[in-house]
Amino acid sequence: MADYSQLFEPLELGPIQLTNRVVMSGHHMGLSDGQGGIGARLHAYMVARARGGAAMVGLESSPVHPSSVKGVRPHLFDDALVPGLTALAEEVHAAGSRLSVILWHGGHNMTHLGAGPAWAPSAVPSAQFAELPKAMTPEDIEDLIAAYAAATRRCRTAGLDAVEIQTSSDYLLGSFLNPLFNRRTDAYGGSLENRMRLIVQVAEAVRAEASTAMAVGVRTSIAHNVPGDADGYGEANSLAAMQVLVDRRLVDYVSLITGSHFALADLMPTMTAAAAHLSEAAARFRVALGVPIFVAGSVRTPDEAVAVIKEGCADVVALARPWIADPNWLRKIHDGDAGAITPCVSCNQACTFAQRNIGPATCVVNPRAGREFEQPRAKRVAANKVLTVVGGGPAGLEAARRAADRGFRVTLYEAGSQLGGAMRQAGEAPHRAPLLRAIDWWAETLSRLDVRVVCNTPISADELPRDTKTIWAIGADSAQSAVWRRRPQLIDGIPGTKALPHGRAVLAGTVAVTGRVLIVDEENGWPTLSLAETLAADPAVASVTVATQVSHPALPELLFSVEADEVMRRLNEVGVVVRGGALVKAIDRNQVVLTSGAVLGPFDAIVLSTGTLARPVPAGALAIGDCLAPRGFWAATDDAMRLVDSL
């Protein structure tokens, strides 16, 4: 077994001590009460991670000033927050952990629709909103410094252990650091000393209010990575800025991430990011600054975490998404059960996509995340209760796992030779292999729970056991349902497509295509993109063209999961041609006729990426996942949790 002892070494952090070297970094989940308070949902979420072994649990970035109200976040500018924050601190402490919060102002990454004009050092819009922000006046700056002090005072009153000043990304303080965003000609712009002036004044105010009761940290970006600005704000600039704070003894630790809203995939790394990819830079900060260094960034597994500490890259590993996936991440390592950790696959679906588009956030592989209070764990059942699960995709796997964990004697039948269903198809496509880790974890967990797994065994309706409950999770069939989004009158699909293969059959290996291939994209997102990347990697395929009705097939979902730019760059690199704004009217032999009248082709093969339809559910069976309604992996595991909890 690997030696994880270094993860459990204590660390002095200014006036406080951490019991180990793993903390839960603040990640916006949208779990607070919607009125600026903590609320039961966020309280339960935080306490679960404290009980799970984190040395310190971090509340998400929380606004210190009314000009930065955005989404569902705790309002550090309001005294009404203090009672709920106090109750949270008390229960976190009772669990043996520490509580911190990120002192945040969103700067130009705001909209006037939330709280009036956005504030910024200069009138430079963000990559997120097209609005021009208000360049802060001297009076605004004084007001802001006072707000940071007042927020810190509330945190101290509530009994928090640490506050972390947010200077990362192009949030307000981070924008002051970067000359691209800070074009001021007064005492707050120009030289490093001037650009640091506000950050120093904020840190002085925070340090004074924290006194000896709380540690003070600073979170910063190693680089902003603004496209086309290769020589812009980077490691040397960031290190020089942090050196100012350290030399003045204003901070007890420095917490490192990277990126900005101009490079969202760096802020929230996708599954293609290298493991612990900020470690080498963190090591340089650690040597130069001489204060404890926290580092985040694609550290997903215990082995990756211990390597960061063992190799001297950082003093503390700050995890966000792995704690969402498993609230007992460190407790399982402590108990010698690291292999049972629910894996984060960095899919950015339910944690990032949800809070940016729907909210509140949760997790594809752990749909209970964020619902610890709302959906308490169901009780164990009698030992003789039997359950049959038909279908070994994520819905069936999660249902079998949860049922067996409650004490059901479970048999799972899978028609194919391998578990995973559509998730395995996705994971076997280029750049999506981390999805397979979740399938492996489910399989290993089912084995530990003594679930009987029977592959290569299709089950028909008349074969269902009559004396037990059956969960039906056999997924969906390829169809042209996505065509009906814009053209419901095409009941039988696009004319001329009846004999054409569907992309899911190509991904499954049951259909092969060669030569010049066109993909008719109506559904957008990963089904089309995985198909395009799979075909582009096939030496038998000469070229790949995607005809899509939007500007490119990553829209809109991959914008919210911060993957769109990265994927479209990959498609361009491998020569995939994307014909945006191309709505297919009909297929005429080996050519495609668009609604505009244009004709594409000829092609050697035309493949449909046009959606799915639910498969029939036998009477008496309990349907979950795509055979209930095709919605993807997130819905599949959520269905499984809700159903099994109700049994």
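**Notebook: a walk through the predicted model**

I began with T610, which is buried, with a relative accessible area of 0%. A reminder to myself: this is a predicted model, and I read everything below in that light.

**Entry on T610**

I looked up where T610 sits, and found T610 in the loop between β24 (605-609) and β25 (612-614). Which residues does T610 touch, not counting residues up to four places away in sequence? My list runs A479, Q480, S481, A482, V483, H502, V520, E522 and E523. I also checked P527: T610 and P527 are 83 residues apart in sequence, yet their C-alpha atoms are 9.1 Å apart in space.

**Entry on S175**

Next I turned to S175, which belongs to helix α5 (residues 172-177). Is S175 buried or exposed? S175 has a relative accessibility of 2%, under the 20% cut-off, so I count S175 as buried. Leaving aside neighbours within four places in sequence, I found S175 in contact with H108, P121, S169, D170, F181 and N182.

**Entry on strand β9**

I then went to strand β9 (residues 215-221), where seven of its seven residues are buried. Side chains in a regular strand alternate between the two faces of the sheet. With that in mind I sorted β9 by side: A215, G217, R219 and S221 lie on one, V216, V218 and T220 on the other, and all are buried. Both faces of β9 are thus noted as covered.

How many bridges join strand β8 to β9? I found five, with β8 (residues 162-166) and β9 running parallel. Here Q166 stands opposite R219 of β9. I looked at β10 as well: five bridges join β9 to β10, and these strands run parallel. In that pairing S221 stands opposite I257 in β10.

**Entry on helix α9**

β10 came up again when I looked at helix α9 (residues 279-289), since the buried residues of α9 pack against α7 (235-247), β10 (253-257), β11 (293-295) and α10 (302-310). The buried residues I noted in α9 are S279, A281, A282, A283, F285 and L289. I also checked what follows α9, and there I met G290, whose phi is positive, near 70°.

**Entry on α15 and α16**

How do helix α15 and helix α16 cross? I found that the axes of α15 (residues 421-428) and α16 (residues 435-448) come within 8 Å and cross at roughly 140°. That angle makes α15 oblique to α16. The crossing of α15 past α16 is left-handed.

I then listed the residues that meet: M423, R424, A426, G427 and E428 from α15, and L435, L436, A438, I439 and W442 from α16. The residues of this contact divide into seven nonpolar, one polar and two charged.

**Entry on the β21-β22-β23 sheet**

My last stop was an open sheet of three strands in the order β21-β22-β23, paired antiparallel. Why is one side of β21 and of β23 left without a neighbour in the sheet? β21 (584-588) and β23 (599-600) stand at the edges, and each has a single partner strand, so one side of each has no neighbour there. I counted the bridges from β21 to β22 (residues 591-594) too: four join these antiparallel strands. I closed the page with a pair from these two strands, I587 standing opposite V592 in β22.

Terms used: Residues numbered from 1 in each chain as written. Predicted model: local features only at pLDDT ≥ 70, side-chain atom pairs only at ≥ 80, totals over all residues. Heavy atoms only, no water. Buried < 20%, exposed > 50% of the residue type's maximum accessible area, 1.4 Å probe, protein only. Contact = heavy atoms within 4.5 Å. Pairing = 2+ DSSP bridges. Axes fitted to C-alpha atoms, helices over the stretch in contact; angles between N-to-C directions. Parallel < 35°, antiparallel > 145°, perpendicular 65-115°, else oblique. Left-handed = near helix turned anticlockwise from the far one by under 90°. Nonpolar A, V, L, I, M, F, W, Y, C, P; charged D, E, K, R; others polar.
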